[in-house]
Structure formats: C-alpha cells, structure tokens
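Visitor: I'm new here, so could you walk me through this one?
Guide: Sure, have a look first and then ask away.

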Amino acid sequence: MKKKWKIGLGVCGGIAAYKAVEVLRQLQKADCEVQVAMTKEATQFVQPLTFRALTNKYVFVDDYAPDNPDPIAHVNFSQNIDLLLIVPATANIIAKFANGIADDFLTSTYLASTAPVMIAPAMNTAMWNHPATQRNIRRLKEDGVYFIEPISGELACKTIGTGKLEEVQNIVKQVLDFLESKALSKQPATTDSVENFDLKDEHFLITTGSTREEIDPVRYISNYSSGKMGFAIALAAQKRGAKVTVIAGNLSISPPENLDIIKVKSAEEMHNAVMERIKDATVYVGAAAVADYKPVNRARSKIKKDSSKLIIELEKTKDILEEVSKNRHEKLLVIGFAAETENLENYAAEKMQKKNLDMIVANDVSNPSSGFGSDNNQGFILTKKGIKIEIPLMPKTMMAERIVEQISELIKLRQNLEKSENVDSKIESQS
Ligand code: PMT
C-alpha cells in the first residue's frame, strides 16, 4: 500500500545520532516511508546496518561505495522525497549546507533536492552560540530551510545549555504537522484565487514587533516579540494584491523589502501611528505585542542603584486594538491576537467579545518551539460567527496564509451583506 509521505532522513555524526533511530521508528508508525543517508562520521556512532534492518533499504553513506546500488544515488534519492529531514544536524553539516559545499552523499543530496528541508540541530552550547553557526543558520533560514530548534538541558559534555536535540516526539510532531499543512496548502484554491489578486481593493494596517517603555535613558520594559508573525501576514496579504502598511515596533529581524513600514518605539507612538492611518484601512491586524503597562514617570537620568529595592510605578497603556474597534468605520474588519500561556480558548473568546473583534488568532506562547521569536507558531482562529480553525505547529509564513485566507472569507461575507443591503434599500425606495 502507498505510504503517506516519503522522507529522506539524513543522520550526522553527533552523540544524538542514536535518537535518529527512534525518529525513524515513529515516522514509520505514522505511515511514512523513510530512507536513510548518513555522513561518514555518523557511522562512528550508529551502524548503517541498524537503519538498513529497520527500513529494509540500502543506507547511503558514500556515492562511490562499491556496493552502492545506484550510480547517481544523490540525484535519485533527492528527487523522490516529500521532505529531507536532518537528525541530528551538526555545526559542520549546517555550515556545509549554508555554503553549498557538496563533498559527500548527504551534502550533494541537499543541493540536488527540491523538497523542503527540516533540520534538527544538536551540539555543544558554545558551538551553537558561535557567530559562525548562527550566521549559517540565518542564511539557511533565508534559503527557506525550517529549523526544529534545539532545547536547553544537560548536554553530552555534562554542561547545561542550549544545544540539546529536541525531544523525539516533538520532532516527529513538527514533521507531521509540517507535511500535513503543506498538503493542505496544495489543495485547489477557491474561485477568487491568490493569482486573481482577490484582495486588491483592501488596505491592511498591521502592527508587529514589541514596544519599549523606557524607565530611564538606559532601561526599558519590553517583551520577546520579533515581528516575524506580523510581517508574514503582511507578505501574505500583499501577495493577494492588498495594499499593506505595517506599523513596526522593535524587531529582532530585518524587515522584508518592498513594504510600507512605519517604525515606532513605544506603545504610545504605536497608538498614534495607528490612529493617524486607520481611516484609510479596511482591515486592521493587531499582531504586535504592545506593552500593557508603562512607567508613570521616565527618569531623566540613569537611576542609581543606591537602595536594595527599586519600585517603579506603572500605569496602563492605551489598548490600541480596543480603541480601533470602538471607533471603527463600517467597512473596517478588526482582527486581534491573543497571546496566552494557559486557558487559551476561554481567554481568546473573552478578548474577542470584550474588544468586539471580527476574528482573533489565539497562540500558545508557553511553548518554546512556537510563539515569540520562533519561526513557527500554532494555535487557532476564532471568528465572531463562532467558527474555530485549528492551526497545528507550522511555519509562521504558512500560518499567515491561513489567517489571510480567513480574513478574505470575512471580506466576502461583508461584500455579500453590502449587496443585500443595497437590494433592500432599492426595494424600499421603489415601494
Ligand atoms: O513577533 P513574533 O516573535 O513573531 O511573535 C508573534 C506574537 C506571539 C507576538 C503574535 O503572534 C501575538 O500573539 N501577538 C499579540 C501579542 C499580545 O500582546 O497579545 P495580548 O493577548 O496581550 O493582546 C491582545 C491583543 O490586544 C493583541 O492583538 C495586541 O496587539 C492588542 N493590544 C494589547 C495591548 C495594548 N495596549 N494594545 C493592543 O492593541
């Protein structure tokens, strides 16, 4: 029987290589067909025979091995998979992938593959934090590679820090969610398809990033928002023809080019920038993590550490989303986010009702592999009409497409309502 997905599993030379065996087993249980490729160094940790016995397939290590059954194996292997998954990925393989070095079977396969690539790194904390590794990771992310971020814990070298391979079940979950969402996004588009620029008459005003509330000239209150989620929504809306304006707070990424971006720092600046432009918008999306409180007084000079305790009086900032919603013109759709660490559905529904939103995107920000700062996110969408759409863990770019798709459904509903109101008023004026 045909398996659901074909996965090329690349195993590299690190102590976590043995965990790739369990990843393989769990993927097989989830109805995936897996073929394994190993680096020469990986074979020091696990024998190819282990993978061969479990997959009943030849394990590729060296294109030139006399027993290799396929003379152009790296090309054939790479063309026949739905996903190339690397577990564990060493700093060395990340560096080679980032620089296009193809000096063995796995690196040649990476270059020859047109399938999406997911990488689960594992290494010592210093190697992970090294600017060269982080530079290579940034480059691979720009190239469209997905990372299953390592976690913090006790490493093989007995130190504690970031660099531990993500738990096997979480790796498998991320892989399956990713493949599932890829399959869904390949489903035929609705009649007003993306190529038709169905949002060409809309103007999206989107907030993103964090705000900074200054305590004194050198200190501030803020949060971990990177800006990724809001920019992903901006690009997804722009792709469908919408005019997009982004009010961006503080970011930990370089913003995409070709977007109209207004930079702000504090909640108050964000509030003012939004209020100035809201009358021209037809869709407002509040993806920014706006500080809820700010210091009542900002000290003019650096606060000295004279006393053992420092008490800073805080006051509430203006709720931008709530104000936008209260003062909305009749064509404006108002979409909010709910970032929660517990009780996600109840809190999100409460926020939607309290702020009178058309739709809310709820995300669980307690999970380190999604939410703030991560390339991935998960949660669900709730609409005023009571529709709930689950969003499993997936890249923010993909989640943004789902969000924009749902916004486009709300726009269609609004247009239908306008049409029927026009018909009603015509009938009334004729009678
Ligand atoms: O930027 P990333 O690293 O990609 O992370 C994305 C994200 C986790 C920040 C994003 O997905 C998200 O959840 N954004 C909303 C964060 C937030 O502040 O949530 P909240 O539940 O505290 O606020 C609810 C809503 O009110 C949000 O739409 C928020 O923008 C808005 N708000 C909050 C306070 C305030 N003073 N003004 C507001 O407009």
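Visitor: What makes K351 and the ligand a polar contact?
Guide: A polar side-chain atom of K351 lies 2.5 Å from an oxygen atom of the ligand. A polar contact is a pair of N or O atoms within 3.5 Å, so the K351 pair counts. This is a predicted model, where local features need pLDDT of at least 70, side-chain atom pairs count only at pLDDT 80 or more, and totals for chains, interfaces and linings use all residues. Residues are numbered from 1 along each chain as its sequence is written, and side-chain values use heavy atoms, leaving out hydrogens and water.

Visitor: What about backbone atoms: which distances do G227 and K318 have to the ligand?
Guide: A polar backbone atom of G227 is 2.8 Å from a ligand oxygen, and a backbone N or O atom of K318 is 3.0 Å from a ligand nitrogen.

Visitor: How many residues surround the ligand?
Guide: There are 30, and the closest are S225, S226, G286, K351 and N363. To be near, a residue needs a heavy atom within 4 Å.

Visitor: Which element gives the largest share of that shell?
Guide: Strand 16, with 4 residues; it spans 333–340. Strands here are DSSP runs (E, at least two residues), numbered from the N terminus.

Visitor: Which classes make up the shell?
Guide: It has 13 nonpolar, 10 polar and 7 charged residues. Ala, Val, Leu, Ile, Met, Phe, Trp, Tyr, Cys and Pro count as nonpolar, Asp, Glu, Lys and Arg as charged, and the others, Gly among them, as polar.

Definitions and conventions
Polar contact = N/O pair within 3.5 Å; in protein donor to acceptor, adjacent residues only side chain to side chain.
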